[in-house]
Amino acid sequence: MADKNDDDLELSKMSIKTSDNPEVEDTVCGIWLFRPKWLQIFASKKVYVIIYGLLGLNQFMLSSYFNGTLTTMEKRFKFSSQTSGIISSTWDLFSVISFMITSYLAGKGHRTRWLAIGSFFVGLSCFVRLMPHIIYGPGEEILQYTVEYGNKENSTFLLSNTSRNEKICDGQPLNDDCDNKEFWNVAAILLCSAHAMLGLGGSMYWTCGAAYLDDNARKNVVPLLLAIVQCIRMLGPMLGYILSAYTLTFFIEPNLTPTITNKDPRWIGAWWMGWTPIGITCIAFSMMMIFFPKALPRAAARKLEQPEVKVEQVSTDFKTSLKRILTNKILIFNSASNSFFMLGLIGYWTFMPKYMETQFRQTAANSNFASGAIGILSSGLGIVTSGVVISKYKPSPRALAMWNFIMEAMEVIGHIAYIFLGCAEKNLHGQWNADKTWNLTMDCNVDCNCGKSMSYNPVCSFDQSTTFYSPCYAGCTKETIIDGIKTYSNCTCIGGLGTAIAGMCPVDCGHDFIIFLVLMGIMRFLSSTGRSGNTIIQFRCVKKEDKSLSLGFSELVMCVIAFMPGPILYGTIVDSTCMVWGGDCGTNGNCWLYDGIRLKYYLNLTGASFLMIGTILDIGVWYHVKDLKIYEDDDNKNTCEQKK
């Protein structure tokens, strides 16, 4: 009750607006002439924490929704995982461009205004992502699997009645129609443009938002407030993956009736449906953020009560601030450790749905739901738990650093354990070539002239022992459709009855999938418990006037080491395990089939190696934080001093 009365008293003082007192106006909610009295009740750290957390939730939701629909966009627009990585890295390339400039300018200016403007651009980027669907629609290839454009419900016909993409063995070569072939992917360019806008605007979230919270709250409660913010934010990835799971259950063109289900690998879901609500909510939260004052009233009142720091002791010179940052050993080790930790995890963040689809034979919708419900909830719970523990027990800086070291070491062990889980495809018809590519053409189908441009249309032999890339590669000559179910006969590559049914052969991978989810949840919880302490160390190891610049520096290092090269690196790794590429006119498009065994070894061992580097760098953080002061009762001491 006393806290509420103090808030009311401070608000009544600070809401007296005069043009002759700019310090008072800096603590008043509103913008320009719009500063009504009723709006002043929102000038509190509690409201800011909620709005700031919701804004972060929306941005994290955007990122996870993009990752959740990435494999679907690859199939729709026929680009590789490496191209997906390039698109993802565009975000961070433009973040680098904006970090060092905006972090310094925002540190001297109105942080919440900068944050609001940046978030507005993030919202606009969502609508740019809609453009590929608006321009190109669902695509002609997928339309053949609809009642409106496809084959009749019940029919029996030979090759002469089948469409080009359903072509069955007849001994005639396939010819690609390349007259209108585009030699550049407009959809990929539009997605890169959207990520560029996201990078320019999204960089404000940490450099401005977190620093504003730290400046306007007592240091003892900052860990708890950051934990609350992070808890709200961590709901974003969960909601993003759940939203992507929901939208991908719809056919890409909801007005049409598909003849295949979402369990079919050829299914393309409505990846575009989520961008409009995400964009609208992001713009709405940015409009709320713009009304926050430059400083919250209670923080401004506390500042007036504290001894004034001599102006000559505070350097606002950019070169001086940068020099302090570059010689700050805690900041350097912490930033490098965080960067390699992120580099180790970014492969999973970007390609987790693809990994689950490949290793555990899950649909895109199920993969996204599992990623959100298990991984993200576990991370959020870990962040909140650590924030509460830090606020209550106030462990020493070395204890925080050592805990982070132990948890990152556990993450390394977890990645190695992932190698032993999975049900990779082992029954695909074909054999390896000398150049490590998968050869689908065997003696039994050599006369069928099954072209590379043929769409992926898997069929399973009648005894469920072998999966074929398409009826053509099974050597089938006859197709029958009864009640929407396709069966094939006269298949020269299948012994016995010589028949097959549409779809991949079933594989029971439920046991491994459950173990994987449990292990992932435990690892996400443990590793995230080190994040709150890590963030506090990041804030406390620099001078107040260097805070925004230090965050920009750390984000720059993370972008250069992890976020820019990471998606491209892991995309290249994923592509290197491709067994069968789709494509036409002599060019590769998206990959239809991966070597699951190589994929899990390459992805997990690469991630574990980078995590190990980050873990080793944590030893440097642990050593140098021994004299760091991080709690409120240490305010009379220099929180930035370190023994050289």
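How many aromatic pairs does a search of the whole structure find? In this predicted model, the search returns 16 aromatic pairs, and two of them are described here together with a cluster of rings and two contacts between a charge and a ring.

One of these pairs joins tyrosine 52 and tyrosine 205, whose ring centres lie 4.4 Å apart and whose planes meet at 15°, so the pair is classed as stacked, given that planes under 30 degrees apart count as such. The two partners come from distant parts of the chain, since tyrosine 52 belongs to helix H3 (residues 45-77) and tyrosine 205 to helix H9 (residues 204-215), with these positions 153 residues apart. Tyrosine 52 is buried, its relative accessible area being 1%, and tyrosine 205 is likewise buried, with a value of 3%.

A further pair is formed by phenylalanine 77 and tryptophan 271, where the ring centres are 5.7 Å apart and the planes stand at 80°, so the arrangement is edge-to-face, the class for planes over 60 degrees apart. This pair also links distant parts of the chain, with phenylalanine 77 in helix H3 and tryptophan 271 in the loop between helix H10 (222-248) and helix H11 (275-289), 194 residues apart. Phenylalanine 77 counts as buried at 9% relative accessibility, as does tryptophan 271 at 0%.

Elsewhere, Tyr348, Tyr355, Phe360, Tyr418, Phe513 and Phe516 make up one aromatic cluster. Aromatic rings also lie beneath charged groups: the charged end of arginine 129 sits over the ring of tryptophan 275, 4.9 Å from its centre, while that of arginine 266 sits over the ring of tyrosine 145, at 4.7 Å from the ring centre.

Note on methods. Residues are numbered from 1 along each chain as its sequence is written. This is a predicted model: local features need pLDDT of at least 70, side-chain atom pairs count only at pLDDT 80 or more; totals for chains, interfaces and linings use all residues. Side-chain values use heavy atoms; hydrogens and water are left out. Rings of Phe, Tyr and Trp (its six-membered ring) pair if their centres lie within 6.5 Å; planes under 30 degrees apart count as stacked, over 60 as edge-to-face and the rest as tilted. Helices (H or I, at least four residues) and strands (E, at least two) are DSSP runs, numbered from the N terminus. Buried means under 20% relative accessible area, exposed over 50%, partly exposed in between (1.4 Å probe, protein chains only). A charge sits over a ring if NZ of Lys or CZ of Arg is within 6 Å of the ring centre and within 35 degrees of the ring normal.
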